Amino acid sequence: MLSEYKDGPRGFLEEISKFNTDKEKIKYVMSKFKYIKSKSARDFLMDLGLVRDAIALDVRMQNVLKKIGINIPEGIKSNPKLYDKVEEELLSKVCKPLNLSGVEFDRMIYNNYDEIMKMLD
C-alpha cells in the first residue's frame, strides 16, 4: 500500500496531513489498510502525533469506564459509527470538562491503568 505513494511512508503521512479533522484522518487510514479498524487507526495516528481528539477504546479503557459505571455497547469493534458515537460522547462529556484532549485522556488511562484500577476497587 505504501508503495503507491510518492516517497512511500513520507508520502502517505503527507497525504494524511492534508485532512482537516481527526475523523477524516482516521477514516482515511481505515480505508487504505483493510486490517486497520477504528481502534488501531486511532492508536496509529496518536503515536504519530497526527490526531488530538481521538480515544482508542481498548480493553483497558473499557474496563476503567465500566468501573465508573459507563458501559460500552457490544459490537463497537465492528461498527465504526457506534465507535464514533461513543468516542464523541466521551470527548464532550469527559474530556472537554476536564480540559483534556482525547489523546491526553487515552494515554493517561493507558499509562496508569494498574493504579487506576486499584483506586477503583
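## A pocket to start with

Let's begin with the largest pocket, whose lining is made up of Gln62, Asn63, Lys66, Ile70, Asn71, Ile72, Pro73, Glu74, Gly75, Ile76 and Lys77. Keep in mind as you look around that this is a predicted model. The volume of this largest pocket comes to about 220 Å³. Sorted by class, its lining holds 4 nonpolar, 4 polar and 3 charged residues.

## The overall layout

Now step back to the whole chain. How many helices and strands does the chain have? There are 7 helices and 0 strands, and reading along the sequence gives the pattern α-α-α-α-α-α-α.

The C-alpha atoms fill a box of roughly 50 × 25 × 25 Å when taken along the principal axes. The chain has 121 residues, and 40% of them are buried.

## A nonpolar patch on the surface

One residue from the pocket lining turns up again here: Ile70 joins Ile68, Met119 and Leu120 in a nonpolar patch on the surface. Together, these four residues have about 370 Å² of accessible area.

Take Met119 as an example. This residue sits in helix 7, which covers residues 113–120. Is Met119 buried or exposed? Met119 counts as exposed, because its relative accessibility is 67% and the cut-off for exposed is over 50%.

## Salt bridges between distant parts of the sequence

The whole structure contains 12 salt bridges. A good one to find is the pair Arg107 and Asp43, where the closest N and O atoms are 3.9 Å apart. Arg107 belongs to helix 6 and Asp43 to helix 3 (residues 38–47), so this salt bridge ties together parts that are 64 residues apart in sequence. Helix 6 itself spans residues 102–111. The two partners fall on either side of the 20% cut-off for buried: Arg107 is partly exposed at 21% relative accessibility, while Asp43 is buried at 17%. Arg107 can also be compared in position with Asp47: the two are 60 residues apart in sequence and 10 Å apart in space, C-alpha to C-alpha.

Another pair to look for is Asp121 and Lys67, which form a salt bridge with their closest N and O atoms 2.6 Å apart. Asp121 lies in the segment after helix 7 and Lys67 in helix 4 (residues 59–67), so parts 54 residues apart in sequence are tied together. Asp121 is exposed, with a relative accessible area of 69%, whereas Lys67 is partly exposed at 40%.

## A salt bridge within one helix

What separates Glu89 and Lys93 along helix 5? These residues are 4 residues apart in helix 5 (residues 80–95), so about one helical turn lies between them. Their side chains meet in a salt bridge, with an N to O distance of 3.3 Å. Glu89 is partly exposed, at 37% relative accessibility, and Lys93 is exposed, with a relative accessible area of 59%.

## A network to trace

To finish, try following a group of charged side chains. Which residues are linked in a network of salt bridges? The network links Lys23, Lys27, Arg42, Asp84 and Glu87.

Terms used
Residues numbered from 1 in each chain as written. Predicted model: local features only at pLDDT ≥ 70, side-chain atom pairs only at ≥ 80, totals over all residues. Heavy atoms only, no water. Patch = residues over 30% accessible without salt bridge, like charges linked within 9 Å, V, L, I, M, F, W, Y side chains within 5 Å. Areas by Shrake-Rupley, 256 points an atom, 1.4 Å probe, with all protein chains shown as cover. Helix = DSSP H or I, 4+ residues; strand = E, 2+ residues; numbered from the N terminus. Buried < 20%, exposed > 50% of the residue type's maximum accessible area, 1.4 Å probe, protein only. 1 Å grid on protein atoms, 1.4 Å probe; cavity = no way out; pocket = protein on both sides within 12 Å on 5 of 7 lines; lining within 4 Å. Points joined across faces, edges and corners; volume = space filled by probe spheres on them. Nonpolar A, V, L, I, M, F, W, Y, C, P; charged D, E, K, R; others polar.
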